[in-house]
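Student: I am new to this one. Could you show it to me and let me ask how the descriptions are reached?
Tutor: Gladly, here it is.

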Amino acid sequence: RPALVVGGTAGSFLGEYQAGGTIVVLGLGRRTGGKAPVGNFCGTGMHGGRIFLRCREIKKTLPAQVKCSEADAEDIASVEKYLKKYEELFGIGAVRDDGKKFYVLRPNTKNPYKQLYVQN
């Protein structure tokens, strides 16, 4: 499964029509005021995979195609190998003790097109 780790922030339309895989946005080195490190329309049309956002508060204007929740221990464990690889490659801690949490976006199970794409 493909995985993408973004150290800084991402613009609008991140994960648009995402069908599978994992995207992690760390929000490092950017002044976001603790808000989600993505632009508008994150996850629009999403029908598979997961998007992890590290921030203090999540956007209130997420599209109907996604559900957002605070990442639990199992979610974090599933991306731990990507965080370690990021730290190894860039020599920068992927997670800092700055009060930010991980939130995970998943496709809304009510999405009628989900069964037409990859299994997750």
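Student: What makes β2 largely enclosed by the rest of the structure?
Tutor: Five of the seven residues of β2 are buried, so this strand is largely enclosed. Buried means under 20% relative accessible area, exposed over 50%, and partly exposed in between (1.4 Å probe, protein chains only). Strands are DSSP runs of E with at least two residues, helices are runs of H or I with at least four, and both are numbered from the N terminus.

Student: What should I know about the model and its numbering?
Tutor: It is a predicted model, in which local features need pLDDT of at least 70 and side-chain atom pairs count only at pLDDT 80 or more, while totals for chains, interfaces and linings use all residues. Residues are numbered from 1 along each chain as its sequence is written, and side-chain values use heavy atoms, leaving out hydrogens and water.

Student: How do you know that β2 and β3 pair?
Tutor: Two strands pair if DSSP finds at least two bridges between them. β2 and β3 have five bridges, in the parallel sense, so they satisfy that rule. Here V25 stands opposite L53 in β3. β1 (residues 3–6) also pairs with β2 in the parallel sense, over four bridges, and the bridge partner of V5 in β2 is V24.

Student: What is called a nonpolar core?
Tutor: The name is for a set of buried Ala, Val, Leu, Ile, Met, Phe, Trp, Tyr and Cys residues joined through side-chain atoms within 4.5 Å. The largest one here has 16 residues, and L14, V25, V38, I51 and L53 have the most contacts inside it. The elements giving two or more residues to this core are β2 (19–25), β3 (48–55) and β5 (101–107). β3 gives the most, with three residues.

Student: Which residues does G11 touch, not counting those up to four places away in sequence?
Tutor: G11 touches V38 and G39, where contact means heavy atoms within 4.5 Å. G11 lies in the loop between β1 and β2.

Student: Why is G11 called partly exposed?
Tutor: Its relative accessibility is 45%, which lies between the two cut-offs, so the middle name applies.

Student: And why is F90 called exposed?
Tutor: F90 has a relative accessible area of 53%, and exposed begins over 50%, so the name fits. F90 is found in helix α1 (residues 73–90).
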